[in-house]
Amino acid sequence: MAIIDYFNIIIKPEPTMAEDVKHADLREAFKTFAIMGAIIGLMIGLIIAVAGERIGLGGIGWIAILIAPVVVGFLYASFSGFGVGLQHFCARLLGGKGTFIQLYYLASRLFWPALFASIILSLANAIPFVGILISILWWIYSGIYLNVVAISIAHRISKWRALVAFLLPMIVIGVIFLAVAGAAFFSFLALLVPMVSAGI
């Protein structure tokens with residue numbers, strides 16, 4: 001397979017995803033995200049091991065190199081599934097007919113090509129103004145458009161409905177976060193005002 005074919009899912013996403021969705025595999029999708037999580041976990045494990053050596057934990061800290069990749073790999077794949085699950089739920093509410101496995105698989109198929117393309121395009125950041133413009137356009141394309149296409153293909157709905165399904169979970173989570181942060185802030189103020197008044 002030519003290298004360029006590997007990037008077909010981001011170069012010509014609709015026909016590529018339409019073909020890929022026929023081969024949706026939950027285990028394969030989970031493995032893709034778990035590998036990324038394991039890489040992150042390995043880096044975390046190395047940091048813990050080195051820090052452990054410096055504070056005198058000896059070989060105990062190095063156990064993190066074995067444990068962290070497994071734990072972080074599982075958590076990364078699970079949280080990725082949770083995010084896709086919210087999009088799947090919203091897409092179903094909007095008339096989608098696809099399955100969670102189909103959407104999760106397309107998300108996993110997008111992951112590595114989009115990540116590698118992001119690394120390649122990051123070299124453009126060295127070019128003043130143009131680099132920033134390319135980064136913004138790539139963020140819109142890879143972060144929004146490709147995900148919208150994935151939802152649209154997996155659930156056989158219009159791109160407008162897919163866009164709503166993509167944005168709705170973020171809006172709901174954002175509102176919940178703001179509500180919790182606001183409640184915590186005002187609770188803190190409620191505690192602080194009597195203390196200030198009392199001169200504590």
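Lys and Arg are counted as positive and Asp and Glu as negative, while His and the chain ends are left uncounted, and the place of a charge is taken as NZ of Lys, CZ of Arg, CG of Asp or CD of Glu. On this basis, the mean positions of the 11 positive and 7 negative charges of the protein lie 9 Å apart. The model is predicted, so that local features need pLDDT of at least 70 and side-chain atom pairs count only at pLDDT 80 or more, whereas totals for chains, interfaces and linings use all residues. Residues are numbered from 1 along each chain as its sequence is written, and side-chain values use heavy atoms, with hydrogens and water left out.

The secondary structure comprises eight helices and zero strands, where helices (H or I, at least four residues) and strands (E, at least two) are DSSP runs numbered from the N terminus. The radius of gyration, taken over C-alpha atoms, is 22 Å, whereas a compact globule of 200 residues would have a value near 16 Å by the rule of 2.2 Å times the number of residues to the power 0.38. The C-alpha trace spans about 65 × 45 × 40 Å along its principal axes.

Of the 200 residues, 33% count as buried, a term that denotes under 20% relative accessible area with a 1.4 Å probe and protein chains only. Asn8, which is placed in helix H2 (residues 8–11), counts as buried because its relative accessibility is 16%. Apart from its neighbours within four places in sequence, Asn8 is in contact (heavy atoms within 4.5 Å) with Pro13 and Thr16.

Technical notes. Buried means under 20% relative accessible area, exposed over 50%, partly exposed in between (1.4 Å probe, protein chains only).
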